[in-house]
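Colleague: Before we talk through the architecture, could you put the sequence and the coordinates in front of us?

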Amino acid sequence: MKPALTPEPSARAPLLELRRVSKRFGSLVAVEELSLALQPGEIFGLLGPNGAGKTTLLRMSVDLLRPDSGEVLLLGGAPCGEALERIGYLPEERGLPTRARVLNLLTYLGELKGMTREDSRQQARSLLRRMELDVRERSRVGELSKGNQQKVQLASALMGNPQVLLIDEPFNGLDPVNRSLAIELLKERVAAGKAVLISTHQLQHVEQLCHRLLLLNRGRVLLEGEVDAVRRSHADGSILVSGTGDFGSLPGVERWTAAAQGNGQAPIRLFLRSGVTPDAILQQVVERRLSLRSFAPHVPTLEEIFVRAVERARA
Amino acid sequence: MRKILAVARYEFIGAITRLGYLLTLIGMPLFVGCLIAVTSLATVRSATESLAKKRSIGIVDESGLFASAPDSIETELMPDLGRIRSADIALRVRRTELRRFGSLKEAHLALQRGEVASIIRIPTDYLTSGKLQEYVGPKREFELASGQISAGSLLRPWLVRGLLKGRVDAETADRAAEPAKIERLVIDPTGAVAPADLIREVRPLIVPIGFAMLLLLSVFTSASYLATALAEEKQNRALELLLTSLTADQLFWGKLLGLWAAALLQFVFYLGLVAVPAAFAFAALGLNIAQAMVGICYFVLGFFFFGAVLLTVGAIGNTQKYTQQLSAVCTLTGVLPMMVLTPLLSQPRGALARTLTYIPFTAPITGLLRFGADALPWWEFVISVLVLTISSGLVIRFCGRIFRVALLATGTTPKLGQLWQWLRTG
């Protein structure tokens with residue numbers, strides 16, 4: 001379940017703001033005229049195919065890259081100095097020093113976030129305990145399984161209790177149990193008024209977690225807005241029905257997908273003729289005395305919207 | 001500063017707990033000590049065995065000129081090192097038996113049976129022709145220890161004495177056989193004369209060479225490790241994570257300080273390991289503290305310079321292999337003065353020596369060697385120290401500038417043009 005917005009995001013100043021930011025690498029446009037505002041208590045999904053400009057955007061947000069034009073504001077100021085200490089960053093092609101011991105590494109990263117050594121060690125222990133890695137605190141990173149390394153990486157981004165979390169594919173390599181744990185940790189941060197920006201290809205997580213999303217392609221924004229609103233706005237008027245009978249032969253139905261005959265198991269999707277409303281279809285079902293178990297307008301998944309939007313942009 | 005110290009501490013602990021470091025720190029003196037002990041023992045044993053082995057040369061004197069000559073020869077081994085006290089006098093003289101044969105055929109049989117190492121035939125016309133014939137078996141034992149590989153040269157004094165016997169007095173015959181036993185004397189700047197002493201000549205170079213070896217050892221182990229570790233961090237994107245919390249300059253200074261502390265520990269450990277014997281040696285050899293101070297100065301600055309260079313190499317390198325190759329090139333430039341040691345020491349005030357003193361890569365070791373040879377004026381020392389300091393600062397600055405861009409450029413090997421671009425845009 002998506003976390004509740006805490007408090008009303010628009011009521012507070014954005015923690016991270018990109019204003020008409022552009023970045024080029026030679027002739028390649030990585031990001032063009034992009035604006036984004038990440039509010040407190042919000043999980044924001046950053047979507048896009050490979051090479052869309054997501055990593056460049058994240059790097060500009062943490063001052064690893066400087067934009068050619070536009071402005072990046074972190075906690076209301078330039079992304080440098082103490083502001084960067086309040087960022088948790090998890091890059092995509094990440095890795096940790098394999099020789100380092102887990103607890104020492106997290107303590108070190110906490111110190112770099114401005115914590116004292118003692119506080120940092122304490123927080124590292126607490127995070128490891130929460131991630132059920134406390135028994136491996138003396139292990140070297142290279143000795144851990146891929147999933148556990150991923151958990152350590154997530155813990156490294158959470159060190160210093162950052163105000164803003166910028167994380168790229170945070171759930172890669174995690175089993176369902178640990179994925180739930182990671183999601184829970186992120187939700188707790190959001191509930192405490194922190195903001196999370198997730199870049200991912202796993203769209204079900206965006207649907208499940210994010211309040212808003214932004215879809216990028218070749219550095220340009222294709223879609224943006226609240227997740228539910230985006231999904232509803234891309235509905236094509238088709239209907240999902242389940243029940244028994246020949247729904248495909250209804251006069252108002254132009255075509256259908258899935259099983260031709262409703263068999264009471266999987267729903268089928270009915271595409272309506274022009275001008276036909278869902279109410280008219282419902283009327284026809286009643287008239288033909290078809291057995292109906294469910295009847296609802298079809299709202300496309302983010303994956304459908306993503307594929308359609310990117311294909312349209314490429315065309 | 002707090003972050004720099006945090007990085008330094010982390011790098012220091014990481015470096016000194018590395019197996020390679022511990023092996024170098026503890027294993028190296030043990031290895032070198034054992035190597036010296038084993039080779040010394042083997043050399044002495046081999047020399048003793050060789051001397052204990054009876055050596056005979058067959059003589060076929062057809063001329064009859066040497067009928068009353070002695071039947072053995074005593075040879076002094078390594079006469080140039082005769083003043084070294086440790087060389088046991090018993091090991092320095094070798095006796096060779098001369099076994100006379102009535103005919104060449106008889107001598108050949110003895111050679112084939114291994115009774116003699118070689119045969120010298122003195123023909124009837126020897127007095128007029130001066131020609132001798134030496135017969136040897138198919139496999140010879142080279143007498144490298146005595147510097148003799150031919151019985152002919154061994155026999156020269158014996159031949160002279162044989163020829164002159166009865167014609168001149170014995171003293172004249174001895175001088176003709178060994179005309180010159182040169183004693184070298186040294187006149188110092190005060191006019192005092194003393195016998196030439198090989199140990200005294202190399203004595204001032206002991207400390208500089210010791211420091212030079214320590215510097216090279218530290219650069220080859222710790223600094224090279226840092227460069228490859230940095231390349232690994234860059235390759236696996238760990239640096240991307242770090243650089244969101246601190247600046248590239250802070251990261252570099254921290255790494256450099258941590259590395260320097262690890263190298264210093266290595267230095268102090270070695271110094272401590274030899275401190276007591278060295279203290280006695282310093283007193284016995286009459287070395288002054290100035291050499292040690294100059295040595296420490298060059299060690300500290302030299303290590304900072306090489307550390308900074310190798311950090312830059314690690315930042316530029318995209319793979320560990322590429323970084324190791326670049327590191328090897330850089331560290332080899334540091335070894336250059338050792339490769340031209342002979343011309344450097346024979347002309348410590350020459351153009352080569354002076355040039356190498358002002359090049360940051362070669363300055364530490366050249367400066368040390370020249371100071372040891374008492375050929376480094378104070379102003380040249382100051383200039384070379386300044387060159388090293390400024391170069392280290394520039395390299396660190398250069399490194400910091402390109403690092404921000406370089407860390408994102410994985411997968412391709414940067415060209416010179418690209419480096420220049422990084423320098424401008426970093």
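The exchange below goes through sheets, helix contacts and the chain contact in turn.

Colleague: What kind of model is this, and what pLDDT do local features need?
Modeller: Residues are numbered from 1 along each chain as its sequence is written, and chains are lettered from A and ligands numbered from 1 in the order in which they are written. This is a predicted model in which totals for chains, interfaces and linings use all residues, whereas side-chain atom pairs count only at pLDDT 80 or more and local features need pLDDT of at least 70.

Colleague: What is the strand order of the open sheet of 3 strands in chain A?
Modeller: Strands here are DSSP runs of E with at least two residues, helices are runs of H or I with at least four, and both are numbered from the N terminus; two strands pair if DSSP finds at least two bridges between them. The edge strands, each pairing on one side only, are S2 (28-38) and S4 (69-74) of chain A. With antiparallel pairing, the order is S2-S1-S4.

Colleague: Which residue stands opposite A:Arg24 in S2(A)?
Modeller: Strand S1 (residues 16-25) of chain A runs antiparallel to S2(A), and 7 bridges join them. Within S2(A), the residue opposite A:Arg24 is A:Val29.

Colleague: Which helix packs on this sheet, and what angle does its direction make with that of S1(A)?
Modeller: Angles run from 0 to 180 degrees between N-to-C directions, with axes fitted as lines to C-alpha atoms, for helices over the stretch in contact, and a contact requires C-beta atoms, placed from the backbone, to lie within 7 Å. The twist of the sheet averages 20 degrees from one strand to the next. The helix touching S1, S2 and S4 of chain A is H1 (residues 54-61), and its direction makes with that of S1(A) an angle of about 120 degrees.

Colleague: Why is one side of S5 and of S9 in chain A left without a neighbour in the sheet?
Modeller: These strands belong to an open sheet of 6 strands with mixed pairing, in the order S5-S6-S7-S3-S8-S9 of chain A. S5 and S9 (220-226) stand at the edges, so one side of each lacks a neighbour in the sheet, each having a single partner strand.

Colleague: In S7(A), what is the bridge partner of A:Ile167?
Modeller: Strand S6 (residues 164-168) and strand S7 (residues 195-199) of chain A run parallel and are joined by 5 bridges. The partner of A:Ile167 in S7(A) is A:Ile198.

Colleague: At what angle to S7(A) does helix H6 of chain A run?
Modeller: Helix H5 (residues 146-158) of chain A lies across S5 and S6 of chain A, running at about 155 degrees to S5(A). Helix H6 (residues 176-191) lies across S3 (43-47), S6 and S7 of chain A, and its angle to S7(A) is about 140 degrees.

Colleague: How do H3(A) and H4(A) stand to each other?
Modeller: The axes of H3 (residues 102-112) and H4 (residues 117-130) of chain A come within 8 Å and cross at roughly 130 degrees. Angles under 35 degrees count as roughly parallel, over 145 as roughly antiparallel, 65 to 115 as roughly perpendicular and the rest as oblique. The crossing angle therefore makes H3(A), relative to H4(A), oblique.

Colleague: How does H12(B) lie relative to H15(B)?
Modeller: The axes of H12 (residues 320-339) and H15 (residues 363-372) of chain B come within 8 Å and cross at roughly 25 degrees. The contact is made by B:Gly334, B:Pro337 and B:Met338 of H12(B) together with B:Ile365, B:Thr366 and B:Leu369 of H15(B). Because of that crossing angle, H12(B) is, with respect to H15(B), roughly parallel.

Colleague: How many helices and strands are there in chain B?
Modeller: Among contacts in chain B between residues at least 6 apart in sequence, 75% join residues at least 24 apart. The secondary structure of chain B comprises 17 helices and 7 strands.

Colleague: Which element gives the largest share of the side of chain A that touches chain B?
Modeller: The contact takes 18 residues from chain A and 16 residues from chain B. On the side of chain A, the elements that give two or more residues are helix H2 (82-85), strand S5 (87-90) and H3. The largest share, 3 residues, comes from H3(A).

Conventions: Contact = placed C-beta atoms within 7 Å.
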